[in-house]
Amino acid sequence: MRKVLSPALVVVLVLGLSLTGCATKKWVNEQVSEFGQVTNTKIHEVQDSVEKNQKEISELAANQEALAADVAAISATAEEAMERADAAGVLAMGKFLYEVTITDNDVMFGFDKAGLSDDAKAQLDEFAAVVLAVEGEAYIEIQGNTDSIGSEAYNLELGYKRAEAAMRYLNMEQGIPLFRMNVISYGEYKPIADNSTKEGRAQNRRVTLVAMQ
C-alpha cells in the first residue's frame, strides 16, 4: 500500500531543504569571502616584498653612483700623489683614502706666509683623526701651493715651506711618523682659481693633504 505524505510533512521537508540550501550558500559565500581576504593579504605581502626589493636596488644603485662620484672627485694632484707613492713602493694596498685642501680662505696662510693659524691647526687635527681611525697605516703626501705673485723659484720654495709646516705639526702634535709622510711643492703651477683676483689668489695659497694606503 502506497504511503502518502501529509501536506504538513511536505511543508516541513521543503522548508528544511530550503534552509539547508541557504545555509550551504551562506557557508560558501563565507569561504569565498575568507579566501578573497587571504588572497588580498598575500597580494599585499608580495607587493610589499617587491617594493622593498626595489627600494634596496635603488639604494644600491645610489651607493654605486656615490662611489663613482667619489672616485671621479679625486683631484689630479691626488692621482699624481698615488703614482709617486706607488713608484716609491710605500703603498700596501694601492688605495686612495682621503683628501683635504686647506686654503687661505680657511685662514691657512696669509700672503707670503708659511705659519699655521689656529684654524689651520684645527683642520689638520680633523684630518689626522680621520687618517688615524683607518685600520692599517696610511701614507700621506702634503702638497704646498702658492699664488702667482713672485718668481717661480721663490713660490716653489714657499710652497714647500707650507707643506713642511703641516707635516711638522702632524708629526709633533698628532704623532704621525715622519717616514709615513712626504712633502712636495707645486708652487704656482697648480692654481685652482684665477690669480688675477684677490679672492682667487687666496684660494691658490693652500695645502692639500692626500692620504693613501
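**A walk from serine 185 through the sheet**

Let's start with one residue: serine 185 is buried, its relative accessible area being 16%, which puts it below the 20% cut-off. Keep in mind that this is a predicted model. Serine 185 sits in strand E3, which covers residues 181–187. Its side chain has polar partners to look at: the side chain of serine 185 reaches the backbone oxygen of leucine 156 at 2.6 Å, and it also reaches the backbone nitrogen of glycine 187 at 3.1 Å. Leaving aside residues up to four places away in sequence, serine 185 touches Gly144, Asn155, Leu156, Gly159 and Tyr160.

Now zoom out to the sheet. Strands of a sheet pair through backbone hydrogen bonds, in either a parallel or an antiparallel way. Here we have an open sheet of four strands with mixed pairing, in the order E1-E4-E2-E3. The edges are strand E1 (96–103) and E3, each of which pairs on one side only. From one strand to the next, the twist averages 15°. In the middle of that order, strand E2 (residues 139–145) and strand E4 (residues 206–212) pair in the antiparallel sense over seven bridges. Take isoleucine 140 as an example: its bridge partner in E4 is alanine 211. Helix H2 (residues 76–88) packs on this sheet and touches E1, E2, E3 and E4, with its direction at about 130° to that of E2. Helix H3 (residues 118–133) lies across E1, E2 and E4, and runs at about 175° to E1.

Next come the charged pairs. The salt bridge count is five. One of them joins the side chains of glutamate 141 and arginine 84 (2.6 Å, N to O). Glutamate 141 lies in strand E2 and arginine 84 in helix H2, so this pair ties together parts 57 residues apart in sequence. Glutamate 141 counts as buried at 1% relative accessibility, while arginine 84, at 29%, counts as partly exposed.

Another salt bridge links the side chains of aspartate 147 and arginine 205 (2.8 Å, N to O). Aspartate 147 is in the loop between E2 and helix H4 (152–174), and arginine 205 is in the loop between helix H5 (198–204) and E4, so the parts tied together are 58 residues apart in sequence. Aspartate 147 is buried at 3%, and arginine 205 counts as buried at 9%.

Finally, glutamate 157 and lysine 161 meet through their side chains in a salt bridge (3.6 Å, N to O). Because they are four residues apart in helix H4, about one helical turn separates them. Glutamate 157 counts as partly exposed at 44% relative accessibility, and lysine 161 counts as partly exposed at 42%.

Key: Residues numbered from 1 in each chain as written. Predicted model: local features only at pLDDT ≥ 70, side-chain atom pairs only at ≥ 80, totals over all residues. Heavy atoms only, no water. Helix = DSSP H or I, 4+ residues; strand = E, 2+ residues; numbered from the N terminus. Buried < 20%, exposed > 50% of the residue type's maximum accessible area, 1.4 Å probe, protein only. Polar contact = N/O pair within 3.5 Å; in protein donor to acceptor, adjacent residues only side chain to side chain. Contact = heavy atoms within 4.5 Å. Pairing = 2+ DSSP bridges. Axes fitted to C-alpha atoms, helices over the stretch in contact; angles between N-to-C directions. Salt bridge = Lys/Arg side-chain N within 4 Å of Asp/Glu carboxyl O.
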